[in-house]
Amino acid sequence: MYYPKHLKTKSVYFNMHGGGMCLGYYQLDIPYCKLICEKSGAIVVNIDYCLAPEYKFPLAYSTTYEFIKYCDSHRRDLDFEGKKFIVGGSSAGGQIAAALVQLQNKDKNNFIKGLVMNYAPCSQNNQLQTYIDPQKAISINRIQQYQYWEYDNFEDMDNPLSSLLNSDFSIYPPTLINSAEYDSLRKGEEIFRDSLIKENIKVNYKCYKDCQHGFTHKDLKEFNPDASKDAWNRIINFIKEMANA
């Protein structure tokens, strides 16, 4: 957890890293969690969720939700009192963040007040993947490998936790989406965006031209410095906005 020296916003941002539900590590996001904490004044929680294939669907979702629910019930101990919870992440982390909203709704809770998604998969239906330039996108073989690792039962790929496009779009809070032009997942994000808008959910969407999946992270080969800086600034401003809403 990262606590700012001077609280400027009454919010807690829960971050989930990317990695296709089976790779990645929370340390990859440490610089960005520190940046968000410093620039937004929010408390930032960098979650090290469990990964496939050791932990199959739906454990990454359910255990992360239980952690955030614990934080909600222990606000005084954690200095979270009076602060709005915002969830977000990159790639699979953004998908988990959206799934947390579903689990909250099923649990009849309402503590998540904002959602952030960086190039997140919104469907496990590989027919939705689109390729402007296959050399600049996640290959279908790579996506299928991740799916084999995560699921024991491929019918679970249609579960709304896995495929956000099968969920109830009316339950989501205000949402920020950072997308990438060359990302094969972009079509799913656009459908998710349009579906939220139809339900009168406030959506802040931006597609970054000439960018690939992973463009926000300097440790990845797809890193785009200018676009990354803008994307993180959009997240910081969104957290501030949600805290004051």
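These exercises work through a predicted model of one protein chain.

## Exercise 1: The chain as a whole

Task: Find how many helices and strands the protein chain has, and decide how compact the chain is.

Solution.
Step 1. Count the elements. The protein chain has seven helices and six strands.
Step 2. Read them in sequence order. The pattern is β-α-β-α-α-β-α-β-α-β-α-β-α.
Step 3. Compare the radius of gyration with the globule rule. The chain has 17 Å, and the rule gives 18 Å for 245 residues. The two values are close, so the chain is as compact as a globular protein of that length.
Step 4. Look at the extent. The C-alpha atoms fill a box of roughly 45 × 40 × 35 Å along the principal axes.
Step 5. Check the interior. Buried residues make up 55% of the 245 residues.
Step 6. Check the contacts. Take those with a separation of 6 or more: 76% of them come from residues 24 or more positions apart.
Step 7. Turn to the surface. The protein chain exposes about 11,400 Å², and carbon and sulfur atoms supply 48% of that area.

## Exercise 2: The order of the sheet

Task: Give the order of the six strands in the open sheet, and state which strands stand at the edges.

Solution.
Step 1. Recall how a sheet is held. Strands pair through backbone hydrogen bonds, either parallel or antiparallel.
Step 2. Write the order. It is β2-β1-β3-β4-β5-β6, with parallel pairing.
Step 3. Find the edges. β2 (43–47) and β6 (203–208) each have a single partner strand, so one side of each is left without a neighbour in the sheet.
Step 4. Add the twist. On average, neighbouring strands of this sheet are turned by 15° against each other, direction ignored.
Step 5. Place two helices. Helix α1 (residues 30–40) packs on the sheet and touches β1 (11–16) and β2. The direction of α1 makes about 165° with that of β2. Helix α4 (residues 92–106) also packs on the sheet, touching β1, β3 (84–90) and β4 (112–118). The direction of α4 makes about 145° with that of β3.

## Exercise 3: Strand β1

Task: Describe the partners of β1 and the cover on its residues.

Solution.
Step 1. Take the β3 side. Six bridges join β1 to β3, and the two run parallel. M16 has G89 as its bridge partner in β3.
Step 2. Take the β2 side. β1 and β2 pair in the parallel sense over five bridges. Y13 has V44 as its bridge partner in β2.
Step 3. Recall the side-chain rule. In a regular strand the side chains alternate between the two faces of the sheet.
Step 4. Apply it to β1. S11, Y13 and N15 point one way, while V12, F14 and M16 point the other way.
Step 5. Judge the cover. Six of the six residues of β1 are buried, and the strand is mostly covered.

## Exercise 4: Strand β5

Task: Decide whether β5 is enclosed or open, and trace its pairing.

Solution.
Step 1. Count the buried residues. Six of the six in β5 are buried, so the strand is largely enclosed by the rest of the structure.
Step 2. Split the faces. T175, I177 and S179 lie on one side, and L176, N178 and A180 on the other.
Step 3. Pair β5 with β4. They run parallel over four bridges. T175 is the bridge partner of L115.
Step 4. Pair β5 (residues 175–180) with β6. They run parallel over six bridges. T175 stands opposite V203, and S179 stands opposite C207.

## Exercise 5: Cysteines

Task: Find how many disulfides the model has, and explain the case of C50.

Solution.
Step 1. Recall the bond. A disulfide is a covalent bond between the sulfur atoms of two cysteines.
Step 2. Set the cut-off. The two sulfur atoms must lie within 2.5 Å.
Step 3. Count. There are zero disulfides.
Step 4. Check C33. The nearest cysteine sulfur, in C37, is 9.1 Å away. C33 is buried, with a relative accessible area of 2%.
Step 5. Check C50. The closest cysteine sulfur, in C22, is 12 Å away, so it is too far for a bond. C50 is buried at 16% relative accessible area.

## Exercise 6: Residue D79

Task: Locate D79, and classify D79 as buried, partly exposed or exposed.

Solution.
Step 1. Locate the residue. D79 lies in the loop between α3 (75–78) and β3.
Step 2. Classify it. D79 has 40% relative accessibility, so it counts as partly exposed.
Step 3. List its contacts. Leaving out residues up to four places away in sequence, D79 touches Y3 and I43.

How values were computed:
Residues are numbered from 1 along each chain as its sequence is written. This is a predicted model: local features need pLDDT of at least 70, side-chain atom pairs count only at pLDDT 80 or more; totals for chains, interfaces and linings use all residues. Side-chain values use heavy atoms; hydrogens and water are left out. Buried means under 20% relative accessible area, exposed over 50%, partly exposed in between (1.4 Å probe, protein chains only). Two strands pair if DSSP finds at least two bridges between them. Axes are lines fitted to C-alpha atoms, for helices over the stretch in contact, and angles run from 0 to 180 degrees between N-to-C directions. Contact means heavy atoms within 4.5 Å. The radius of gyration is taken over C-alpha atoms; the globule rule is 2.2 Å times the number of residues to the power 0.38. Accessible areas come from the Shrake-Rupley method with a 1.4 Å probe; for residues, only the protein chains shown count as cover.
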